[in-house]
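User: Hello! I am new to this structure and would like to understand how its features get their labels. Could we go through them together?

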Amino acid sequence: MAGWYEETFRDSMRFSVRVHATLHRERTDFQTIEVLQTPFFGRTLVLDGLFMTSERDEYFYHEMISHPSLCMASSPKRVLVIGGGDGGTVREVLRHPEVEQVTMVEIDRRVVEVCKEHLPDIGTAWNDPRLEVRFEDGVAFVAEAPPASFDVVLLDGSDPVGPAEGLFDKTFYSNVRRVLSPSGVFGLQSESPILMEEVFRQVQHTLAEVFGSVRPYFGTVPLYGASTWSWTVAAAEPFPMDMDRLKRLEPDLRYLNVDVARGMFAVPTDLRRLLSRD
């Protein structure tokens, strides 16, 4: 397909990207996977009609979802990544020398296989011996995992619909807390607070029912066309980011640095009011 690919949001907004060709398209048991060749974003992954990541801007998202949690956990030796089939999040996690084991749980094997073929520059850590990839339901995996079996859990899921819907409720969050070590940290993408303000608010409030400390933070992802994007860290108690740990990573990063990290937890006034609502 050549022309324009449109993502429509609730029949009220469209974000369009010019496409030179469709490199791959298939319907799996879970979702429709597409890889588009675009002049601006390069190769771009689309799941169920929603833009997920691209060669040009993937680092905005993957650095922001991974390093804050890794830099808050006191000893991030064991990391669980739920979703993240493009491989970008585990790539960033494995930059940390403290990490000894990463378990990635992806429900759809074909996402990983397609991304390995068409987006190899994003998933560059598949052969790291610290990484174990499991193809199963992340909700069930967390429900069955032993207590305190991970130091960091990262939820790299898509929007809370379809196969990702069960990753945004209190039962799942409670199981995440159970599998975290006492000083463990849970990090997740928490949607656009502008376009999906009610989902963003519900995520914060539901997390607060389970964790003692919940902190959203903000940045941009150009492909998402939504201006501000949010991620959230949750833990039993507040933990500051280890800025020295982050600074050691800076030479290998393209977006996140100590200066960005110091400002990204600032909550704009309108979002403070949104979060204060019952």
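User: Which strands form the open sheet of seven, and in what order?

Analyst: Happy to help! This is a predicted model, and in it the seven strands of that open sheet follow the order 9-8-7-10-11-13-12, with mixed pairing. From one strand to its neighbour, the turn averages 15 degrees, direction ignored.

User: What makes strand 9 and strand 12 the edge strands?

Analyst: Strand 9 (131-134) and strand 12 (213-220) each pair on one side only, and they are the edge strands of the seven-stranded sheet.

User: How do you know that strand 12 and strand 13 pair?

Analyst: Pairing asks for at least two bridges between two strands. Strand 12 and strand 13 (residues 228-235) are joined by eight bridges and run antiparallel, so they count as paired. As an example, Arg-215 stands opposite Val-233 in strand 13.

User: Which helices pack on this sheet?

Analyst: Helix 1 does, touching strand 7 (78-83), strand 10 (150-156), strand 11 (180-189), strand 12 and strand 13. The direction of helix 1 makes about 160 degrees with that of strand 10. Helix 6 (residues 197-208) packs there too, in touch with strand 11, strand 12 and strand 13, and its direction makes about 155 degrees with that of strand 12.

User: What is the order of the open sheet of four strands?

Analyst: Its order is 3-4-5-6, and the pairing is antiparallel. Strand 3 (21-27) and strand 6 (50-54) pair on one side only, which puts them at the edges. The average twist from one strand to the next is 20 degrees. Helix 3 (residues 109-118) packs on this sheet and touches strand 3, strand 4 and strand 5.

User: How do you know that strand 4 and strand 5 pair?

Analyst: The same kind of test applies: at least two bridges are needed. Strand 4 (residues 32-38) and strand 5 have six, in the antiparallel sense, so the pair qualifies. Within it, Ile-33 has Leu-47 in strand 5 as its bridge partner.

User: Why does Thr-44 count as buried?

Analyst: Buried means under 20% relative accessible area. Thr-44 has 1% relative accessibility, so it counts as buried. Thr-44 belongs to strand 5 (residues 42-47). Leaving out residues up to four places away in sequence, Thr-44 touches several others, including Val-35, Phe-51, Leu-119 and Leu-223.

User: What does the side chain of Thr-44 reach, and why is that called a polar contact?

Analyst: The side chain of Thr-44 reaches the backbone oxygen of Gly-42 at 3.1 Å. The limit for a polar contact is 3.5 Å, so this distance is within the cut-off.

User: Which residues touch the most other members of the largest nonpolar core?

Analyst: That core has 48 residues, and those touching the most other members are Val-79, Val-93, Val-102, Trp-231, Met-241, Leu-246 and Met-264. Helix 1 (residues 58-72) gives the most to this core, with six residues. Apart from it lies another core, of 25 residues, among them Phe-168, Phe-172, Leu-180 and Phe-211.

User: Which residues is Met-241 in contact with?

Analyst: Setting aside neighbours within four places in sequence, Met-241 is in contact with His-67, Pro-68, Cys-71, Met-72, Leu-246, Ala-261, Met-264 and Phe-265.

User: Where is the turn between strand 1 and strand 2, and what marks Arg-10?

Analyst: Strand 1 and strand 2 form a hairpin with three residues between them, and Arg-10 in the turn has a positive phi of about 50 degrees. Strand 1 (residues 3-9) and strand 2 (residues 13-19) pair in the antiparallel sense over seven bridges, with Glu-7 opposite Phe-15 in strand 2.

Technical notes
Residues are numbered from 1 along each chain as its sequence is written. This is a predicted model: local features need pLDDT of at least 70, side-chain atom pairs count only at pLDDT 80 or more; totals for chains, interfaces and linings use all residues. Side-chain values use heavy atoms; hydrogens and water are left out. A nonpolar core is a set of buried Ala, Val, Leu, Ile, Met, Phe, Trp, Tyr and Cys residues joined through side-chain atoms within 4.5 Å. Buried means under 20% relative accessible area, exposed over 50%, partly exposed in between (1.4 Å probe, protein chains only). Helices (H or I, at least four residues) and strands (E, at least two) are DSSP runs, numbered from the N terminus. Contact means heavy atoms within 4.5 Å. A polar contact is a pair of N or O atoms within 3.5 Å; within protein, one must be able to donate a hydrogen and the other to accept it, and residues adjacent in sequence count only if both atoms are side-chain atoms. Axes are lines fitted to C-alpha atoms, for helices over the stretch in contact, and angles run from 0 to 180 degrees between N-to-C directions.
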